[in-house]
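Visitor: I'd like a close look at just one part of this protein, taken slowly. Could you pick a spot and walk me outward from there?

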Amino acid sequence: MNLNLRNTRNIGIMAHIDAGKTTTTERILFYTGMLHRMGEVHEGTATMDWMVQEQERGITITSAATTTLWNYNDQNYKINIIDTPGHVDFTVEVERSLRVLDGAIAVFCAVGGVQPQSETVWRQADKYHVPRIAFVNKMDRVGADYFRVVRQIKERLGSTPVPMQIPIGAEDQFIGLVDLIERKAIVWKEDEHLGTRYEYCEIPSDMVDQVEEWREMLIESVCELDDDLLERFLEDRTSITVEEFMEHTRKAVINHRIVPVLCGAAFKNKGIQRLLDTICALLPSPLDIGAVKGQNPYTNKTEERSPDDEDPLAALAFKIATDPYVGRLTYLRVYSGVIESGMAVLNPRTGKKERINRLYQMHANKQNPRERIEAGDICGVVGLKEVATGDTLCEIKHPLYLESMTFPEPVIGVAVEPKTQADVDKLGNALNKLAEEDPTFKVKVDADSNQTIISGMGELHLEVLIDRLRREFKVECNTGVPQVAYKEALLTAVKHRELFRKQTGGRGKYAEIVFEAFPADEGIKGLQFINEVKGGNVPREYIPSVEKGFRDAMRNGVLAGFPLESLKIVLLDGSFHPVDSDSLSFEIAARQGFKHALKKGKIGLLEPIMKLEVVTPEEYMGDVTADFNRRRGQITGMETRSSSRVILAHVPLAEMFGYVTVLRTLTSGRATSTMEFSHFEVVPPDISGEVIEKVTGTKAFV
């Protein structure tokens, strides 16, 4: 057993764009001794923002991993940190990081509060059951309101926020905080020591009542979750020690019952040491998370792997990166066993063995070579050839599939072509490498125009990828106008009989199928195929070919060639010929049947709808809402945030190109907007023909 495992923390830092995630990470690295000079995002010197594009734009694009140490209660703690992007276009980076983390810090801006992308990352953390701490950052900014953010976490995120600290002052008067458990005020020294020095002092007299009120709420919130503790608390509250109370708080955090809330100002170096203490005290170690479950690919039985060096190896590849120095780098989370340099491992998805050439402990884009990585740790591996994001690596004699990851579909596409003929092959190789790294980036060749279409999560996503083609792969590209990634959907049920017969002299082709097509059941994506053929009218060996035919046909809908996201097919009957029928005949019958049947039904065009939040001064409200109406937008809510108004709306992506520039013009540059994908919706019938004609250049059938 790895003795340090109880003192290991695998955590992620997640938040809305501009909440201060990377600055918080930089401060953590500085205070833990990993950095001797703090990097700044706005200066382009942040360690974790190592890509050129990140430094230029001042945003995080890729999730960067690093390892550091912190001393808490006279014990050394090892903290593996992943700094994730806040921009919705790079949501895949957050998704795959949360899949392998044991805990997270959700950073909120004290001014902006809970914003749309905060809700998205919170839902992603819920999906993977990641315990978290909330850190309300930027307490030194004008408009900072700690208690408003606490209310928003409760109302908008449906969680139970429990403040463990309250700030002393706000905005330019923010000088420190009060630790509610210890009843102590902590005030930072404004000196040349960069916030490393702080002192404990008496709670300001005007805050004593407020501190007692919040402390009471904290104690009650934790005690309510444990009947024995509540009984003791009601009998004699002095019988509960601080250590005991913290242990119960830790259990409540790990079981997702409460979210501790801390505060600070990372840019001014305030609150980071206390945040590190809380990470060690309250977030889980791999031992607290316990055994991970997976499926044996040969027996299909569920098996467990404990976070123990003695257990067989089970690791998950959560990220692929192309490094200019070491080549293809795979990030792994080791759940059980030990991974060593030179060992052979099995990838159950491909059924192939892979060799670990080199192992690294990661620090942003720098690698520290290691000979062995133990259970519960995160590392980088060189030498894996056919491993994709979400693959499991395990011992050859003990195969196991860990649950993979699901990624959102791209919503926007653009045509690309190399500027010179000599770059055609280089472009193909570069796009394949980028697609390996990023599961939300798709590449396809349009069958009609023979153009290469790249698709992603937004304009910024594609802009960064095209920039990477130029800088990293030295391929200059011409790009087309961005196009929305529409989908098609069957809206009504259709019954159809399809007969495929072909005689060419000698052996012919024959297949007949009778089926019903429906809109898929709610929540199901892809093909929902149900076989109800009785009496062997369609032999059992041909059924998979029918299913394959329908699945392949769904890639190109009958309305305008867009893919169908979901479809339900019930195969009712059919017939076969003992000589002429074969698998291919039934596959072709299904493809043709799909086209003929859907043309008889009602088809809808689906478009991506974006969730938009605009923060604007009151005087521009009318102009902003009128502009929404012109863009087929639906306003879903309004609220007041300090002196500004916040408008929430759902707007079709097709209407949102160039919106930032228009908003700037409408509000004299004083409004800000954030946008993220929400859902797909049927395009209104009165404009769907116009949309199809605009996108395809041809009129759709009516």
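Guide: Let's start with one pair of residues: Phe-500 has Ala-511, in strand S32, as its bridge partner. Keep in mind that this is a predicted model. Now widen the view a little. S32 covers residues 509–518 and runs antiparallel to S31, with 9 bridges joining the two. As background, strands in a sheet pair through backbone hydrogen bonds, and they can do so parallel or antiparallel.

Step back once more and you'll see that S31 and S32 belong to an open sheet of 4 strands, ordered S31-S32-S34-S33, with mixed pairing. At the edges sit S31 (494–502) and S33 (526–531), each of which pairs on one side only. Going from one strand to the next, the twist averages 30°.

Next, the helices. H13, made of residues 543–553, lies across S32, S33 and S34 (566–575), and it runs at about 150° to S33. Then there's H14, residues 583–600, which also packs on the sheet: H14 touches S31, S32 and S34, and its direction makes about 140° with that of S31. So S32 and S34 are touched by H14 and also have H13 lying across them.

How far should you trust the chain as a whole? The average pLDDT is 82, and 89% of the residues score at least 70. Residues 35–63 are another story, with pLDDT below 50, though the model still gives that stretch 97 contacts beyond near neighbours in sequence. Residues 698–702 also stay under 50, and there the model has 8 contacts beyond four places in sequence.

How values were computed:
Residues are numbered from 1 along each chain as its sequence is written. This is a predicted model: local features need pLDDT of at least 70, side-chain atom pairs count only at pLDDT 80 or more; totals for chains, interfaces and linings use all residues. Side-chain values use heavy atoms; hydrogens and water are left out. pLDDT is the predictor's confidence in each residue, from 0 to 100. Contact means heavy atoms within 4.5 Å. Two strands pair if DSSP finds at least two bridges between them. Axes are lines fitted to C-alpha atoms, for helices over the stretch in contact, and angles run from 0 to 180 degrees between N-to-C directions.
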